Amino acid sequence: MTQSFSFSLNATDGKARTGVISTPRGDIRTPAFMPVGTAATVKAMMPESVAATGADILLGNTYHLMLRPTAERIANLGGLHKFMNWDKPILTDSGGFQVMSLSDLRKMSEKGVTFRSHIDGSKHELTPERSMEIQKLLGSDIVMCFDECPALPADRTRINESMQMSMRWAQRSRDAFGDRPGYALFGIQQGGLEEDLRAESAAALRDIEFDGYAVGGLAVGEGQEAMFNVLDFAPDQLPTDKPRYLMGVGKPDDIVGAVKRGIDMMDCVLPSRSGRTGQIFTRHGVLNIKNARHADDPRPLDENCGCPACRNYSRAYLHHVFRAQEMISGMLLTWHNLHYFQDIMQGMRDAIATGSFAAWEADFHAGRAQGDIEPL
Ligand SMILES: [Zn+2]
């Protein structure tokens, strides 16, 4: 097994790419979807079940883990992989985004951000240096730069000032990360919806040099059309020989549209969170298991799906355990959703490798347009 971090591109089809990120903890096939394991668990899933869906890597949240149980405690217990019993690669975010969305009484300066925990009100500070320290304590394989991401819409002056500070923080993150063979540090492009600011941000990151590059600051309320408009140019501004990661995306059609535009990695809570609220994604679109139409339906969610929820259980059963608020409901529905998202990724990887992405994409959209099977 390799002892270094590397990325090799195996095929391209239009702007879509397929390849492999090699790490000492295993390979990540791209395009890759990363399930979110916020508090050292992908909710309702055993780690071996997450792996069985086809996930090569998962995402952990610095903000949550630093507050509870703390990075120091996890480090003393052997690191995040051992702590949560997941031996494949882990990517951690920097904590910045969730400080902005979850914490109270934030105060931002050039140095970093101070805030109060949403759990117990305790006071904390995150800086680029502290974020690098926490992610190192966790043992994260792919570390994200500490940055600031303004909610959209925001005016150009605000976007520009924020991007400039994020680029200074990117340099400080790089300096604090140091030289750690086998581990990767990703820079994060900012600049909102503005092409020239995105280009300036990309140039600053390329000067610093990272192991991978994220397109940040999207999926923050701008809508799919605006996001795709940015993705029509943003990935092209980043190096072709490094992985490109779109943070916090998304719905199945967002993911397909992003890969089409040259994105290699994504993460989102959507499949796991939706699994717990009864929202199911299949190749025929979205269905809600709590609807009465499923109460007597002996058919699976999707007869073509290979997940345990579809192989072994009827819609009627899944409807029943959801309504009865049984724990197996969240387990099975999360498993199905994660399995379906990984099926999409495998489908795209195969299609790109054989030069048939356009046909695969047409089939994907046709399946969704068809809608769920008719009620019995
Ligand atoms: Zn299934």
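Start by colouring the two domains separately: in this predicted model, the C-alpha centres of domain 1 and domain 2 lie 27 Å apart. For the selections, use residues 6-267 for domain 1 and 275-370 for domain 2.

**The domain boundary**

Next, show the residues where the domains meet. On one side you should find 25 residues of domain 1, in contact with 22 residues of domain 2. To see what builds the domain 1 side, select strand 1 (6-13), strand 2 (16-23), strand 4 (32-35), helix 1 (47-52) and helix 10 (252-260); each of these gives two or more residues to it. Linger on helix 10, whose five residues are the largest share of that side. Now colour the domain 1 side by residue class: 14 residues are nonpolar, six are polar and five are charged.

**The annotated site**

Move on to Cys305, Cys307, Cys310 and His336, and show their side chains. An unreviewed UniProt entry annotates these four as "binding site". They are spread over 32 residues of sequence, yet they cluster in space, with a largest C-alpha distance of 8.2 Å.

Centre on Cys305 first. Cys305 sits in the loop between strand 16 (285-288) and helix 12 (308-312). Leaving out residues up to four places away in sequence, Cys305 touches Cys310, His336, His339 and Tyr340.

Then step to Cys310, which is in helix 12. With the same sequence neighbours left out, Cys310 touches Pro300, Leu301, Asp302, Cys305 and His336.

Is each of these two cysteines buried or exposed? Cys305 has 17 other C-beta atoms within 10 Å, so Cys305 is partly exposed. Cys310 counts as buried because 23 C-beta neighbours lie inside 10 Å. The cut-off behind this is 20 or more for a buried residue.

**Zooming out**

Finally, reset the view and switch to a cartoon of the whole chain. You will be looking at 15 helices and 16 strands. Along its principal axes, the C-alpha trace spans about 60 × 45 × 45 Å. How does the radius of gyration agree with that of a compact globule? For 376 residues such a globule would have a value near 21 Å, and the protein has 20 Å, so the two agree.

If you colour by burial, buried residues make up 48% of the 376 residues. A contact map is a good last stop: among contacts with a separation of 6 or more, 67% come from residues 24 or more positions apart.

Note on methods: Residues numbered from 1 in each chain as written. Predicted model: local features only at pLDDT ≥ 70, side-chain atom pairs only at ≥ 80, totals over all residues. Helix = DSSP H or I, 4+ residues; strand = E, 2+ residues; numbered from the N terminus. Rg over C-alpha atoms; globule rule 2.2 N^0.38 Å. Buried ≥ 20, exposed ≤ 12 C-beta atoms within 10 Å, placed from the backbone. Contact = placed C-beta atoms within 7 Å. UniProt positions renumbered as here; feature names shortened; annotations may be inferred. Domains from an automatic or database assignment. Nonpolar A, V, L, I, M, F, W, Y, C, P; charged D, E, K, R; others polar.
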